[in-house]
Amino acid sequence: MAPIINLIFFILNALLDLLWWAIVISAILSWLFAFDVINRRNQFVYNVATFLDRVTDPILRPFRKIIPTIGGVDISPIIVLLLLRGVQLFILPALQNTLLNLLG
């Protein structure tokens, strides 16, 4: 049973890593759009930006409602990134160890 639990937590950790990178890349793309370095007229850029927005918006939207922008800068991605790392570093290992101890 322990290998299955380890696999599940490995997959959860990998998914959180992918989400972390999606938020980082989405934030960088938004800065590049804002400074007119790249634009959405390029089909590839448009598809990547749309995909990342669809993946990250459901996670960022509740935080954007709570956290105001500071000087026109949205800091909600930073808060979400910190929370994701906190979950990865503290909550997932503690939960994994607890489950492994309960099952023997």
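Here are some notes on this predicted model, going from the overall fold down to a few residues.

1. Overall fold. The chain is built from three helices and has zero strands, so reading along the sequence you simply get α-α-α. As for how spread out the chain is, the radius of gyration comes to 17 Å, and the globule rule would give 13 Å for 104 residues; the chain's value is well over that, so we are looking at something more spread out than a compact globule. The C-alpha trace fits the picture, spanning about 55 × 30 × 15 Å along its principal axes.

2. Burial and contacts. Just 27% of the 104 residues count as buried. Even so, among contacts with a separation of 6 or more, 56% are between residues 24 or more positions apart.

3. Surface and charge. I'd note the accessible surface, about 7,500 Å², with carbon and sulfur atoms supplying 72% of it. On the charge side there are 7 positive and 5 negative side chains, and the centres of these two sets sit 5 Å apart.

4. The α1–α2 loop. Have a look at D36, which lies between α1 (2–34) and α2 (43–66). What is its phi? It is positive, about 60°, although D36 is not a glycine. For context, most residues other than glycine have a negative phi. The D36 residue is also exposed, at 62% relative accessibility.

5. The tryptophan pair. How many aromatic pairs does the model have? The count is one. The partners are W20 and W21: their ring centres are 5.0 Å apart and the planes meet at 85°, which is over the 60 degrees needed, so this is an edge-to-face pair. The two neighbours are covered to differing extents: W20 is buried, with 18% relative accessible area, while W21 is partly exposed at 46%.

6. The α2–α3 loop. I75 belongs to the loop that joins α2 to α3 (76–103). Is I75 buried or exposed? Neither label quite applies: at 22% relative accessibility it is partly exposed, because the buried class requires a value under 20%. Leaving aside residues up to four places away in sequence, I75 touches I67, P68 and I70. F63 is twelve residues from I75 in sequence, and their C-alpha atoms are 9.2 Å apart.

Note on methods:
Residues numbered from 1 in each chain as written. Predicted model: local features only at pLDDT ≥ 70, side-chain atom pairs only at ≥ 80, totals over all residues. Heavy atoms only, no water. Helix = DSSP H or I, 4+ residues; strand = E, 2+ residues; numbered from the N terminus. Rg over C-alpha atoms; globule rule 2.2 N^0.38 Å. Buried < 20%, exposed > 50% of the residue type's maximum accessible area, 1.4 Å probe, protein only. Contact = heavy atoms within 4.5 Å. Areas by Shrake-Rupley, 256 points an atom, 1.4 Å probe, with all protein chains shown as cover. Lys, Arg positive; Asp, Glu negative; His and termini not counted. Charge placed at Lys NZ, Arg CZ, Asp CG, Glu CD. Phe/Tyr/Trp six-rings, centres within 6.5 Å; stacked < 30°, edge-to-face > 60°.
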